[in-house]
Amino acid sequence: MARVELPEETKRRIEAIGSVDVLIGVWGTVGRDGFYERAAQVIAELGETAQKIVFAFPGDTPPEQPPSAPDSTVVCLQYPSPSSGPAGELWIEAASAQRSILEIAALLNAGSCLVLNADLVALHVQSIQMLLYASVEKQCDLVTPIYPVGKYDGLINSGILSPLTRALYGRRVRYPLPFEFGVSARLSTRLALSARSGNQADRSLLWPATVAAIDAAPIGQVYLDVHHHVPTEGLELSVVLAQLVGSAFLEMEQYAAQWQRVRASQQTPTWGTPTPPPVSEEPIDAKPMIDSFLLGSKNLDEVWRLVLPPVTLLELKHLARQSPEQFRMPDTLWVKIVYDFALAHRLRTISRTHLLGALTPLYLGWVASYVREVSNMTHAAAEQRLEQLARAYEDNKPYLVSRWRWPDRFNP
Amino acid sequence: MWNQVEQSLHQSMVRVINKIAILLPGILAFIVALLIFLVIAWALAMLARRILIAVKFDERMGKGTGTIAEWTPRYTPTLLITRVIFWGFIIIGLLVGVSAFEAGSSEAGISAYIFSYIPRIIGAAILLLAGTVLGRFLSRSVLIASVNLNLSYARILSMGVRWLIFVLTAAMVLDHLALGGEIVELAFGILFGGIVLALALAVGLGSRDLVSRSLEREAARPVEVPAPERLHHF
């Protein structure tokens, strides 16, 4: 396992600080003044505390104490900012920065470590208290958030990442790839070490829920009243989908021996009060997504044929013939597509870049079907619909296990 | 007269049989050399395969992003290396066989001619292999990227890329083998130039009005404020 290398200067500062109770680390680009302002606000609202707290944020300028830090129990620490790449590399940069924070937490021997997004919307006292409550009071090794998102938000997570993680590792975590999370001292060391070795080490994403589930560590979820806005400018859906799903498939390969033994899934304890979604959710026109699916169906048949079994191809052909009003992709079909793509990724049936690129029209087909189905549903009903999808992932897991173990066996 | 015919037939039969008798040891030597190298190739390929599996060569190679597996995903690096070793020894066996044939049949000049041509054949084979792999990979890349960009002519674009690379490869291979002489270069130049000219004329003349109308429309269009997206994938 590879470990994040911190510069000597940062290590010296960490040694000077000694062990701490809580490390609050921010990943991503953040202005020092803006960060100090928010940190000062949090410090003031937390009031006098016996705990030693360290705030870590990325930057290359020499650190200094925030102006309103009350005493020596609160310290600010800067760590080197990860080099920023193209827009599509957002998640890779995030994982790199998150690993740096976890490495600092391990070196500081921090009792709890909270990793927060650079937009600082979660850097307020309620969120921090909620995350610390689950981490310290409830002794969860990992605390992940539940965001108040609408039924049309975070669809890669809802349609693939969350149900796939749940089916594979047996833990019902709503956001397996969260913007912020809290970890215990034990898990922060484990996660800092979780980078893949070799020349892909700094390109792998961080999946805290997967690592915690594999270690059978206690996981908790908290409702956070936080709205993140992911800048989509310059981001291509196919690139992001390939990056996120490709990383999930790599994790599947790494932990294949463990997830094949997992049956069903466990409920994750959740604390806090859910906040209603922010905007009114009017129906969305699914026609452009259906068109993308049809274009893929017309042109990518030769690629899909290498990955999907004949029965799935037949169902996709039937789907392509449906009118836009009747367009509906069954859960089982979608789940089997994801599982077959995961298997092809492992077997390298075709180039991985091509494979993940060929998934985009199918994903848009699922999105179109989902959007049409939930257009007249309430938020709660849409959540129930996603729960039904997650159960389909679990129900079809034997299909995945069988194909994973005996890929050459006849599969009609 | 019949005697003369019979005599000439008899003489020609004797000459042919003599020729075969002279060539036979050479052919036998060729087959024996080939069989020996076939066994050596098979044994060495098996040995290499076992060693590569023992050192987990595929896993080590699979960790990179630009690995062999990305280009030829159906073949593992181990399989590729063992096949290269096997066919390498078969080719050496063929060369040894040709030399043995020459020595056994006292036919001078065959091996010298073949040996002088071998570097060209190897170069051409490598060009052909690289061109085929590149053509297939790039055409599939173009197809998938075009579909994801919602281009309705994705397949035509992909086929165009594939045939462009195949034609270029074929021209390079023939040139490398010194076959066809200047005809290949000339034909290739005319073909490529013709395609570019046809495209230029098609766009320049055929679509002139379309392009000007499109530009006018763009210029006249008021600046639109994009509506906020209501569907978020991430």
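## A loop residue to start from

Let's begin with A:Thr273, which sits in the loop between strand 8 and helix 10 (287-299) of chain A. With a relative accessible area of 64%, A:Thr273 is exposed. Its C-alpha atom is separated by 8.9 Å from that of A:Asp225, and the two residues are 48 apart along the chain. A word of context before going on: this is a predicted model.

## The two chains in outline

Chain A has a secondary structure of 17 helices and 8 strands. Of its 412 residues, 58% count as buried. If you take the contacts in chain A between residues at least 6 apart in sequence, 80% of them join residues at least 24 apart.

Chain B has 8 helices and 0 strands, and along the sequence its pattern reads α-α-α-α-α-α-α-α. Here 21% of the 234 residues count as buried. Among chain B contacts between residues at least 6 apart in sequence, 65% join residues at least 24 apart.

## The loop before strand 8

Stepping back along chain A from A:Thr273, the loop between helix 9 (256-259) and strand 8 (270-271) holds A:Ser265. A:Ala264 has its place in that loop too, between helix 9 and strand 8. Is A:Ser265 buried or exposed? Its relative accessible area is 14%, which is under the 20% cut-off, so A:Ser265 is buried. A:Ala264, in contrast, has a relative accessible area of 51% and is exposed.

The surroundings of A:Ser265 are worth a look in your viewer. Leaving out residues up to four places away in sequence, A:Ser265 touches A:Arg166, A:Gly170, A:Arg171, A:Arg172 and A:Glu394. A:Thr165 is 100 residues away from A:Ser265 in sequence, with a C-alpha to C-alpha distance of 10.0 Å.

## Helix 13 and its crossing with helix 5

Helix 13 of chain A covers residues 331-347. How does its length compare with what 1.5 Å a residue should give? Its 17 residues should span 24 Å, and the end C-alpha atoms are 24 Å apart, so the two values agree. Since 13 of the 17 residues are buried, helix 13 of chain A is largely enclosed by the rest of the structure.

Helix 5 of chain A is one of the elements that helix 13 meets: their axes come within 12 Å and cross at roughly 80°. The two helices are therefore roughly perpendicular to each other. On the helix 5 side, A:Gly159, A:Ile160, A:Leu164 and A:Ala167 take part in the meeting, and on the helix 13 side A:Trp334, A:Val338 and A:Tyr339.

## Aromatic rings and charges

Over all chains, a search of the whole structure finds 17 aromatic pairs. In one of them, the rings of A:Tyr147 and A:Tyr175 have centres 5.0 Å apart and planes at 65°, so this pair is edge-to-face. A:Tyr147 lies in the loop between strand 5 (142-146) and helix 5 (155-169) of chain A, while A:Tyr175 lies in the loop between helix 5 and strand 6 (181-184), so the pair ties together parts that are 28 residues apart in sequence. Both A:Tyr147 and A:Tyr175 are buried. A:Tyr175 has another partner as well: A:Arg174 lies over the face of its ring, at 5.4 Å from the ring centre.

Elsewhere, A:Phe35, A:Tyr36, A:Phe55 and A:Phe57 are linked into a cluster by ring pairs. Helix 13 returns here too, since its range 331-347 takes in A:Lys336. The charged end of A:Lys336 sits over the ring of A:Tyr399, 4.8 Å from the centre of that ring.

## Backbone angles to check

Some residues in this model have a positive phi. A:Arg348, just after helix 13 of chain A, takes a positive phi of about 55°. For A:Ala264, phi is near 55°, again a positive value in a residue other than glycine.

Chain B offers an example in B:Ala178, which has a positive phi of about 60° although it is not a glycine. B:Ala178 is in the loop between helix 6 (154-176) and helix 7 (182-206) of chain B. At 48% relative accessibility, B:Ala178 counts as partly exposed.

Conventions:
Residues numbered from 1 in each chain as written. Chains lettered and ligands numbered in written order. Predicted model: local features only at pLDDT ≥ 70, side-chain atom pairs only at ≥ 80, totals over all residues. Heavy atoms only, no water. Phe/Tyr/Trp six-rings, centres within 6.5 Å; stacked < 30°, edge-to-face > 60°. Helix = DSSP H or I, 4+ residues; strand = E, 2+ residues; numbered from the N terminus. Buried < 20%, exposed > 50% of the residue type's maximum accessible area, 1.4 Å probe, protein only. Lys NZ or Arg CZ within 6 Å of the ring centre and 35° of its normal. Expected span 1.5 Å × (residues − 1). Axes fitted to C-alpha atoms, helices over the stretch in contact; angles between N-to-C directions. Parallel < 35°, antiparallel > 145°, perpendicular 65-115°, else oblique. Contact = heavy atoms within 4.5 Å.
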